[in-house]
Every structure is written in C-alpha cells, then in structure tokens.
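Q: Could you take me on a close look at the backbone here, beginning with one spot where phi is unusual and following the theme outward? I'd be glad of one connected account that also covers the surroundings.

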Amino acid sequence: MTTTATPETSFKTQALIAEDINAYLAQHQHKTLLRFITCGSVDDGKSTLIGRLLYDSKMIFDDQLAALESDSKKFGTQGQNIDFALLVDGLAAEREQGITIDVAYRFFSTEKRKFIVADTPGHEQYTRNMVTGASTADLAVILIDARKGVLTQTRRHSYLVHLLGIRNVVLAVNKMDLVGYDQKAFDDIVAAYRSFAASIGIADFVPIPISGFKGDNITTRSANMPWYTGVTLMDHLETVPLDVAADQAKPFRMPVQWVCRPNLDFRGFCGLVATGSIKPGDAVRVLPSGKKSTIARIVTPGGDLQQAIAGQSVNLTFTDEVDCSRGDVIAIADEPPQVADQFEATIVWMADEPMLAGRPYWLKMAAQTVSATIAAPKYQVNVNTLDHIAVKTFELNAIGVATVSTSHPIVFEPYSESRALGGFIIIDKITNATVAAGMLNFSLRRAQNVHWQALDISRSARAALNNQIPAVLWFTGLSGAGKSTIANLVEKKLYRMNRHTFLLDGDNIRHGLNKDLGFTEADRVENIRRVGEVARLMTDAGLIVITAFISPFRAERKLVRDMMMPGEFIEIHIDTPLNVAESRDVKGLYKKARGGQLKNFTGIDSPYEAPEAPEIRIDTTDMSPEQAADFIVDHLIR
Amino acid sequence: MMARGRSLTHLERLEAESIHIMREVVAETERPVMLYSIGKDSAVMLHLARKAFHPAIPPFPLLHVDTTWKFKDMYAMRDRMAAESGMQLLVYINPEAKAKGINPFDHGGLHTDMWKTEGLKQALDKYRFDAAFGGARRDEEKSRAKERVFSFRSANHRWDPKQQRPELWNIYNARKAKGESIRVFPLSNWTELDIWQYIHLENIPIVPLYFAAKRPTVERDGLLLMVDDDRFRLREGEVPVERSIRFRTLGCYPLTGAVESTAANLVDVIREMLLTTTSERQGRAIDHDQAASMEKKKQEGYF
C-alpha cells in the first residue's frame with residue numbers, strides 16, 4: 001500500500017464535523033459545483049488519478065477500501081500495491097478487459113466545491129464517449145504520460161475539448177515519478193503542447209506536473225518537485241471560475257419545457273434559465289413568434305422570487321395572455337436570439353449506421369424537436385492531423401461540417417455563445433437512437449434569399465382541367481418482384497380511361513436525371529429524394545404519377561409521403577418472397593449479386609424494409625399481374 | 001431556495017437539474033409514474049416533483065411496488081405523503097408472490113426477485129406506464145456510475161448496456177417504440193450527503209426509522225435486525241434485545257440491517273454519516289450476493 005500524508009484539511013474537516021456539525025453544514029451549503037472531464041490515452045493513468053482524488057478527499061469508505069485491496073490482488077496491475085483504477089472501473093466486462101468502455105460519472109467533494117467527474121475512455125474508437133462527457137464539463141484535465149509526451153491522442157482530445165467549448169484546460173503531466181521528477185521533461189512537454197494548443201485555438205491552459213499513483217501535486221504540493229511553484233491540481237479545481245457565472249452575464253433566455261395550467265386562472269411557463277437573469281416587470285419576447293409580454297411573477301412553492309438567474313428551473317407568468325408553448329423560447333425583449341431554418345453545423349456522428357444525406361431525422365435542441373435533413377458533408381476533420389477531408393457521408397466517430405435544414409424555423413444561438421441554444425442531438429426516426437450530436441455555427445438565411453414563387457394558376461385549377469384527382473402510385477418491392485410489369489399495366493388501363501398519367505421507372509430515371517448516383521445507401525436515399533421531388537412537381541401539374549422503384553428504406557418512402565398532400569401518396573407493396581424473385585431473375589442480377597460481382601444488392605447484401613401499413617399490398621404468388629393491375633385501378637377510381 | 005445574482009450552490013444546481021429532468025419526462029412521455037419506495041431518496045424525489053409542477057399537483061401517480069415486508073413506520077409514512085401531495089397512490093402487490101407466500105426468511109434472493117423485480121414489471125405492464133422515475137443515484141454503486149439519466153428498457157424490461165443512448169448537455173431523447181419504456185433517474189448526480197443536506201435544508205419529512213431509538217433487535221449473520229412485528233421468526237436461542245439503533249437505508253425487513261446509534265435527530269444523523277467509514281449499501285444484504293450483482297439484477301429488470 002502506498003502511503004500519503006492525509007491532507008491537513010481533512011483533519012480539520014473531521015474535527016469540525018465532530019464538534020460543530022451546524023457550522024460544517026453551513027459551510028457545505030454554500031459549496032459550488034464544478035463538472036470536469038479527464039481525458040487521456042489508455043495507460044495514461046486516468047482511472048488512477050480519479051481514484052486518487054476520491055481517496056484523498058476521503059470519499060472511499062472502509063468497506064470499499066477492503067474490497068479494493070482484495071480486488072487489487074485479484075485484478076490489479078500494480079502488484080501488491082493498491083490499484084486506484086479499480087475504484088472507478090465499473091461494469092464487470094470492462095473489469096476483466098482492464099479498460100473502461102463508457103462514460104462514468106464520479107463524485108467527490110471538498111470544503112469549497114462539489115465535483116462531478118466524467119471519466120471518459122481514451123482509445124481510438126470512442127470519440128462519442130468523450131464528446132458526451134465534455135458536453136457538460138466546465139473544465140478538462142488532459143493527461144499526458146511524462147514518458148511519452150504529446151501523442152496523437154492528446155491532439156484529438158484537445159481538439160474535442162475545444163470543439164465542445166470548454167474554456168478551462170489543465171495539462172496534467174502524469175507519472176512524473178517515472179521520469180525522476182525531472183523538470184526538463186516537464187518543460188519540454190509543456191512547450192510542445194503550447195505550440196499545438198495555440199494552433200487549434202486553445203489560448204490558455206494550466207500545466208501541472210503530477211503523479212496520480214504517488215499523489216504528487218494532487219492535493220498537496222510535492223516535495224519531490226521543489227522546482228514547481230504553481231498550484232496543485234485540487235487547488236486549481238477548487239478555485240477556477242465557473243461557466244454558470246459567465247452565463248448569468250448574457251442576455252436572458254429560457255426554453256419553455258412545460259406549460260403549467262392547474263386551473264383556468266393560472267398559466268405558468270416552466271423551464272431552466274439558460275442564460276441571463278429575469279425579474280418581474282421585465283419586458284420579454286416569445287420566440288419564434290416574436291410576440292411581446294411582461295413577466296408578472298416567478299412562482300415557487302416557497303413564495304415568489306424577486307429574480308431568477310441562469311441555472312435555475314423556474315415557473316414564469318406573464319401579465320397578459322400571449323401564446324407560448326413547449327419549444328418556444330422566452331427572451332429579454334430588446335436582445336432576442338435569432339430564428340432560422342438552415343444552418344452550418346459541426347456534426348459528431350455517434351451511430352454505427354452512417355449518416356444518410358437528405359434523410360429526415362429528428363433534431364432536438366433545448367425543448368424544440370423538429371424534422372431536419374443534413375446535406376452531404378462539406379468536409380470531415382481528421383482529428384489527428386486536423387486536415388479537412390472530402391467525404392460523402394459521416395461514419396461512427398466522424399466529426400465534420402455540413403448544412404442542416406429544419407422543417408420549420410427554430411430559435412437558436414451560435415454554440416460558441418450558448419450551449420443550450422446551439423447544441424443539438426440528431427435522432428433516427430425509425431430506431432429512435434441518438435445518432436449524432438451537433439453544434440450550430442451560424443444560420444445560412446436561405447429563407448431570406450430564395451423566395452417561394454406564388455403562382456396564379458393553382459394546383460387544384462390544373463387538376464380540375466384534367467378532370468382528375470392527382471395521386472402518386474408508389475410501387476415498392478424487391479428487384480424482380482414485378483413492379484414495372486404491374487405499373488405498366490396500371491398505366492395502360494388508366495390511359496384507356498382518359499386519365500393523365502406519367503410513369504417514372506427506376507431504370508429509366510437512372511439513365512438520365514440520376515445517372516450520377518450509384519447504389520450505396522447514401523446514393524439510394526438521394527435517388528428516391530429526387531424522384532419524390534419530380535413526382536411532386538407532376539402532381540402539382542395535375543398528373544397521376546406512377547413510380548416503380550425498389551425504394552428499400554422506410555424513411556425515404558415516408559420522406560416522399562410527407563412531400564405530398566394528405567391522401568395523395570398511395571404506397572403499393574409488390575410483395576414477392578426473395579426466393580421467388582430470385583428464381584425469376586429476369587435481368588440476371590441476383591446471379592451477379594450472389595457471385596459477388598454486384599454490391600449493395602437489395603435482399604442480398606443490402607436490406608429491404610417492407611412497408612408496415614401500405615395502402616395496397618399485392619401478393620404476387622396469389623395474383624396474376626393483370627388481376628393486380630385491376631385491383632389497383634379499382635382502389636384509385638372508387 | 002433563493003438566489004440573488006450570485007453563483008448557485010451545488011444543491012441549487014442539483015435541484016434545478018432534477019426538476020428539468022422531471023419536466024422533460026412529463027412533456028415527452030405518455031404515461032409517466034413515480035416509483036415511491038418510501039426511503040429518503042424517494043422523499044427527496046417526491047419533494048422535487050412537487051416543486052417542479054407547483055402550483056399544479058405533479059401530473060403522474062405514485063407507485064409503490066409493495067413486498068408486504070416493509071416496516072410499519074414505512075407504510076404510515078407512505079400514506080401520509082400521498083395524502084399531503086394530493087397525488088394518486090397505486091400500491092402493487094405481485095399476486096403470485098402473495099399466493100406462494102414468498103418471504104425473506106425462507107426464500108432469500110427469490111424474495112427480491114419475485115416481489116420487487118417481477119412485481120415492478122407486472123405493475124408497469126398492468127398500468128402501461130412508459131416512463132418510471134426512480135430514486136437511484138450514481139454514487140450508490142460502481143455499475144451505476146455509468147447509468148444514464150434516461151435508461152431504456154426493452155418491451156420485456158431488459159437493460160442492454162449496448163443499447164443505451166449517449167446523453168449530451170441536458171438534452172434527453174425520450175423517443176421509444178411501442179412497448180419500450182424508460183426508467184428515469186432524476187437524482188443521478190446527487191450523493192448521499194447531498195440528499196441528507198437537502199432534507200435538512202428543505203425540512204423534508206422522512207421515516208422515523210432513520211433516527212435512533214430503542215428498538216427490539218437480534219444480531220444475525222453479522223447484521224443487526226429489527227423485530228418489527230410478530231412475523232419475525234426468531235431462531236433458536238435468539239432473544240430480542242432493546243438497542244438504540246437506526247437505519248441508514250430502508251428496504252424490507254429483515255434484509256435491511258440497522259446500525260447502533262444514538263443519533264436521534266437529523267443533524268446528528270448527518271454527523272454520524274460523515275464520520276462513518278462504511279458505505280451506504282453495506283446495510284443491504286442484496287449486494288453481498290456476488291461481485292457486480294447489481295449490474296446483473298439491472299439486466300434482469302430490477303430497478
């Protein structure tokens with residue numbers, strides 16, 4: 001077991017608790033809260049450092065210590081010594097592998113502050129976890145192994161820390177005991193880091209030479225490094241200014257989470273104050289509508305407040321009846337935030353499934369949830385070299401810049417000004433998974449530059465001239481299912497009935513409009529999006545549009561459905577089992593796909609997501625093409 | 001708590017965060033419920049809920065998954081708090097466990113499994129709740145340190161560590177498929193000391209068993225057990241002895257061990273807590289089963 005002098009403060013604390021618990025409680029009631037992350041590579045000693053902070057601040061109880069001693073012998077990597085890392089390695093599977101694989105939150109507290117540490121893994125594939133941990137942190141401790149110096153991982157971690165807007169950076173040069181507490185080793189690393197940090201925009205950082213294992217410069221100044229005259233790590237953590245204080249100086253903004261209506265006489269708007277402060281009598285504006293009102297009360301069970309400040313969850317009432325609901329933002333009247341529907345954003349992709357440009361996702365920011373699409377990336381950042389790379393999509397752990405368009409305008413501020421109104425998550429509409437995080441950089445003001453041209457002849461006028469109701473008959477199904485055959489028959493029948501139709505066929509469109517697209521998932525999404533836009537223009541023109549595309553993904557079919565007027569989109573699933581379609585193999589494509597000559601073939605190595613509730617389902621093992629066509633025409637005409 | 005143009009204290013920030021979480025759940029789920037286990041963490045959670053929705057009554061019921069083996073004082077406190085809050089109290093008792101007479105004396109681990117794990121699943125299914133608030137804290141146990149605030153469960157209530165969503169900033173993704181549900185932990189970032197300090201500061205009522213008093217006890221397998229009623233089966237040679245005891249954590253008796261103490265008021269309890277050198281969950285038999293046992297239980301659906 002290593003021995004460290006118990007910090008003197010702990011003795012004082014213990015004495016105070018024993019003698020005057022009320023004085024102790026009074027002191028602790030006024031503690032503030034600092035959230036920080038530790039980042040480092042595998043073996044930089046992150047877990048050991050956190051274990052040490054817990055140990056030195058007396059957060060480890062006797063039974064945990066006993067368990068730690070027995071665990072250290074069983075799993076430890078420090079021989080007979082206590083392995084502090086075991087204190088913080090949580091899940092059983094990780095313990096066996098000797099690595100942490102997720103974000104874990106740890107708590108400790110001193111006389112001045114309570115601390116929440118996000119312990120984030122350092123290895124290559126886990127950018128996702130570090131970004132998650134950094135999103136709530138005021139400060140980052142970047143660990144460097146004194147023997148190894150500034151590594152590729154150090155650069156990546158620093159870049160992410162800066163990207164997530166953390167302004168307080170500590171460079172903890174660890175394992176100083178293993179380099180003989182050598183000042184030159186420390187100075188060289190600090191110099192190397194300084195030039196790198198400046199290049200990515202980290203203006204300032206606090207370098208501290210430490211040993212997590214031995215306890216040097218953690219809570220007490222190290223006798224082994226008399227050449228170091230700066231603060232200990234704990235001193236710095238206890239005194240660094242908090243972000244929440246800076247947030248209070250900004251203009252008032254509160255995203256409305258919930259409207260409180262216990263009875264007809266009371267209407268309160270509940271939310272967490274993101275920035276600034278507010279008092280009864282202050283003039284405010286509700287965004288995005290821009291309507292003005294005045295704060296009447298700040299309601300709490302313990303009586304009304306005279307002021308509410310950033311970081312508090314409050315319930316505000318207005319002096320008059322102004323529309324305001326969940327997702328709106330209440331802001332100080334003379335300095336409101338912006339409203340826009342197209343942005344440049346930095347995206348961190350967090351899912352195994354790559355991003356699909358043009359596919360609609362949910363975007364959630366503060367209390368606003370809207371449908372949004374992400375355009376093809378402008379570039380991806382190589383987080384090791386910081387070079388910009390041209391890419392077609394974002395894959396797991398990719399970070400890059402792209403244009404984000406929302407289905408309707410949202411209230412926002414650049415992330416650099418407000419984490420609450422600039423940070424968002426992207427949610428897959430089908431799996432509901434959180435697939436990405438993003439930070440809005442600025443709005444592109446599309447709405448102001450490209451106006452919608454209002455036309456004098458309306459779509460209903462054109463439809464009336466054609467004497468028909470426009471519709472989209474959207475055929476979907478496997479290759480060889482019989483889509484084109486049946487679609488052709490349907491068009492012939494409608495033509496004979498004097499209907500104005502147009503058939504968009506997958507193969508034909510790929511010879512022209514979409515000849516630049518291949519068969520990757522991203523290209524398939526774009527293929528369908530374009531076809532959807534064309535179909536929409538044709539329905540505007542009053543036509544009955546018939547389309548025959550494999551269109552394997554639910555999300556894109558829904559995208560097209562959402563473009564059309566209600567009831568206009570008729571999804572027709574030509575349902576043919578894979579083995580039947582494959583046995584037909586009219587174009588010989590299945591054979592090629594099985595032979596590996598054709599990649600991304602639906603049903604073979606690319607998925608087909610069958611419609612869950614199509615308007616029409618045709619079972620081709622049960623119906624001839626002629627019967628199917630009659631059935632569809634009946635559905636349309638009746 | 002009041003704040004006037006100054007840094008918020010850690011308790012004010014924790015309070016604001018918990019309230020924010022509760023309001024998100026109410027806004028984004030269809031049928032939320034608050035699991036109420038009557039302990040000190042539940043007391044704080046309920047207090048925060050009342051603050052979050054004031055002057056409205058919290059727009060969800062309280063659910064007590066009863067094992068029928070709680071201390072008498074706990075049932076009294078439960079009924080009192082439900083009445084005071086004006087919230088609907090649902091008490092669920094697993095009919096199968098009741099029929100089989102499952103009890104902590106004869107059935108050991110099965111007692112927790114049947115009454116709590118199975119009972120909770122049955123209750124959530126019965127009322128079709130899609131979100132359940134629980135009072136678990138990340139500081140309680142190692143595997144909980146990685147638990148999300150919004151913890152997703154499959155339609156059969158299983159917790160899959162790989163399916164949990166990243167949580168960034170204070171944005172929570174509450175979307176889920178039909179049948180899936182969320183366990184929400186608004187006290188995730190509170191520590192045991194925070195809980196006690198908040199109870200002190202806000203004057204929150206808690207079960208008297210947390211305070212020391214003379215109570216009939218026996219010592220068994222290293223735990224100090226309280227003889228709460230005549231269902232307690234004494235082993236041969238065991239004679240209840242009056243001791244000044246209190247509980248640091250409240251579960252089922254006799255699964256919950258007491259500690260000898262003279263701390264009869266809140267301030268003394270906090271002092272004792274601060275000077276003590278064993279961690280909170282040691283008083284609960286459930287954790288001693290095996291290493292990483294909490295994680296296993298969680299995968300099976302225990303809160």
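A: Just past the end of helix 14 of chain A sits A:Asn467, and its phi is positive, at about 55°. Please keep in mind that this is a predicted model. The helix that comes before A:Asn467 is worth a look too: helix 14 of chain A runs over residues 459-466 and is hardly covered, with zero buried residues among its eight.

Chain B has positive phi values of its own, so let's go there next. B:Thr68 is not a glycine, yet its phi is positive, at about 65°. You will find B:Thr68 in the loop that links strand 2 of chain B to helix 3 (72-85) of chain B. B:Thr68 counts as partly exposed because 16 C-beta neighbours lie inside 10 Å, between the limits of 12 for exposed and 20 for buried.

Further along, B:Trp169 also has a positive phi, near 50°, and is likewise a residue other than glycine. Its setting is the loop between strand 5 (150-153) and strand 6 (181-184) of chain B. With 18 other C-beta atoms within 10 Å, B:Trp169 is partly exposed.

From phi we can turn to omega. In chain B, the peptide bond that joins B:His54 and B:Pro55 is cis, with omega at about 5°. B:Pro55 belongs to the loop between helix 2 (40-53) and strand 2 (62-66) of chain B. Chain A offers a cis bond as well, from A:Leu287 to A:Pro288, where omega is near 10°. A:Pro288 is in the loop between strand 11 (283-287) and strand 12 (291-298) of chain A.

Now for a residue with plenty of company. A:Ala308 lies in strand 13 (residues 308-309) of chain A. A:Ala308 has 23 other C-beta atoms within 10 Å, so it is buried, the threshold being 20 or more. Leaving aside residues up to four places away in sequence, the partners it touches are A:Val273, A:Ser277, A:Ile278, A:Ile298 and A:Val314. The C-alpha atom of A:Ala308 is also 9.9 Å from that of A:Gln248, 60 residues away along the chain.

Chain A also has a helix pair to look at. Helix 17 (residues 521-540) and helix 18 (residues 554-563) of chain A pack with their axes 9 Å apart, at an angle of about 20°. That angle makes helix 17 of chain A roughly parallel to helix 18 of chain A, since angles under 35 degrees count as such. Their crossing is right-handed. On the helix 17 side of chain A, the contact is made by A:Val525, A:Ile528, A:Arg529, A:Gly532, A:Ala535 and A:Arg536. They meet A:Glu556, A:Leu559, A:Val560 and A:Met563 of helix 18 of chain A. By class, this contact holds six nonpolar, one polar and three charged residues. As background, an α-helix has 3.6 residues a turn, so residues three or four places apart point the same way.

Finally, let's see how the chains meet. The contact involves 63 residues of chain A and 57 residues of chain B. On the chain A side, helix 2 (residues 21-29) of chain A gives the largest share, five residues. In terms of class, the side of chain A that touches chain B has 31 nonpolar, 22 polar and 10 charged residues.

Conventions: Residues numbered from 1 in each chain as written. Chains lettered and ligands numbered in written order. Predicted model: local features only at pLDDT ≥ 70, side-chain atom pairs only at ≥ 80, totals over all residues. Axes fitted to C-alpha atoms, helices over the stretch in contact; angles between N-to-C directions. Helix = DSSP H or I, 4+ residues; strand = E, 2+ residues; numbered from the N terminus. Parallel < 35°, antiparallel > 145°, perpendicular 65-115°, else oblique. Left-handed = near helix turned anticlockwise from the far one by under 90°. Contact = placed C-beta atoms within 7 Å. Nonpolar A, V, L, I, M, F, W, Y, C, P; charged D, E, K, R; others polar.
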